[in-house]
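Look at the fold below. Follow how its helices and sheets are put together.

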Amino acid sequence: MPRAPKRRRYMLEEDHQAQSVPTAEEEDDSSSSSTCSSLSFSCSLSLSSPEGLFTLSDTLSPSQSLSSASPSPSPTAVVSTPLSQSDNGSSSQKEEGPSTSQALPDAESFPRNAINDKVGDLIAFLLLKYRTKEMVTETEMLNIITEDYKDHFPVIFSEASECMQLVFGIDVKEVDPSDHSYVLVTTLGLTYDGMLSDGQSMPKNGLLIFILSIIFMKGDSVPEEEVWEVLSAMGVYVGREHFVYGEPRELLTKVWVQEGYLEYRQVPNSDPACYEFLWGPRAHAETSKMSFLEFLAKINGSDPRSFPLWYEEALRDQEETDQSRIATTDNTTSMASASSSAMSSSLFNPE
């Protein structure tokens, strides 16, 4: 069967002296502007404008005013950001799922905004399933988008899955091909999704992955001014409540620092004082630089070895982690052996 149309490929660009962060390369000028960009975390189909948020806000966060949503960044501002998108297209879902089995039958059979609405409906449904920790089947998803859009399901599913991963940090993984059932899990094994028990908030892992990626690609630390600048270009502003991520300074400098995912510290010898972000201990414990590089390369359709500076750094990190684990195991074994010897001595040589 033909594949769903691929509209866009994302490239990790590198020069010989310093590796830049990913930028998007257009493959098809006629592609849609409705899907999530890889790494910009701006999902124009339902997330970047107040008008497009009715599904998510009404279904998931009834107390959240639509007027609180941040405006879409301009194309110029977005392209200038380290992790960016242009106004056209997106990468398609390359893994499991209906998107790889069928092509969109008739691009003119429905207006593009009608398809976008169905993608938004499916995203809202998947977020509800994630909140209730339930699996989801293809049959359920087809019921959400209605019979009229059945032939468009591969593209709708692909775009919704991509947006779930890049905006919310949630992977849609097929677990049973026989009935096309899927499980919703956090991307890259991060165990904290930032959701509150009030049932109103949304997963925030997408932004966390974005920040951790910047830190990795900037050489293990990034000045806070650069972070705020990049977030502003995405429509996430310091001091302003974002409908998904909340207030970013609070989230980055307090919540994620307290959770151990980020370290926020003063730059040594800076006067006046400047601050920077680094990976925190929990980020190192739950994931790795190699996992991040593989993730970034995968969604950009490339191989981690294509970026030798980052790849070498990821290998060094992996080796250090392995050595640390070996040392910990050796210490534990030695302590257990010493404890066993002491116990045996006390049993067989009583005073």
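Helix 5 (residues 153-168) lies across strand 4 and strand 5, running at about 130 degrees to strand 4. Helices (H or I, at least four residues) and strands (E, at least two) are DSSP runs, numbered from the N terminus. Axes are lines fitted to C-alpha atoms, for helices over the stretch in contact, and angles run from 0 to 180 degrees between N-to-C directions. This is a predicted model: local features need pLDDT of at least 70, side-chain atom pairs count only at pLDDT 80 or more, and totals for chains, interfaces and linings use all residues. Residues are numbered from 1 along each chain as its sequence is written, and side-chain values use heavy atoms, with hydrogens and water left out.

Strand 4 and strand 5 belong to an open sheet of 3 strands in the order 3-5-4, with antiparallel pairing. Strand 3 (136-137) and strand 4 (170-176) each have a single partner strand, so one side of each is left without a neighbour in the sheet. Two strands pair if DSSP finds at least two bridges between them. A second open sheet of 3 strands has the order 6-8-7, again with antiparallel pairing. Its edge strands are strand 6 (222-223) and strand 7 (262-266).

| Strand pair | Bridges | Residues standing opposite |
|---|---|---|
| Strand 4 and strand 5 (residues 181-186) | 6 bridges | Asp176 and Ser181 |
| Strand 7 and strand 8 (residues 275-279) | 5 bridges | Tyr264 and Phe277 |

Helix 5 also packs against helix 4 (residues 138-145), at an angle of about 100 degrees, with the axes 11 Å apart. Helix 4 is therefore roughly perpendicular to helix 5 (65 to 115 degrees counts as roughly perpendicular). Helix 4 brings Glu138, Met141, Leu142 and Ile145 to the contact, and helix 5 brings Phe153, Ile156 and Phe157. Contact means heavy atoms within 4.5 Å. The residues of this contact divide into 6 nonpolar, no polar and 1 charged.

Where is the largest nonpolar core centred, by number of contacts? Leu207, Ile211, Leu231, Leu252 and Trp256 have the most contacts inside this core of 69 residues. Such a core is a set of buried Ala, Val, Leu, Ile, Met, Phe, Trp, Tyr and Cys residues joined through side-chain atoms within 4.5 Å. Buried means under 20% relative accessible area (1.4 Å probe, protein chains only). Helix 6 (residues 205-217) gives the most to the core, with 10 residues.

Definitions and conventions:
Parallel < 35°, antiparallel > 145°, perpendicular 65-115°, else oblique. Nonpolar A, V, L, I, M, F, W, Y, C, P; charged D, E, K, R; others polar. Buried < 20%, exposed > 50% of the residue type's maximum accessible area, 1.4 Å probe, protein only.
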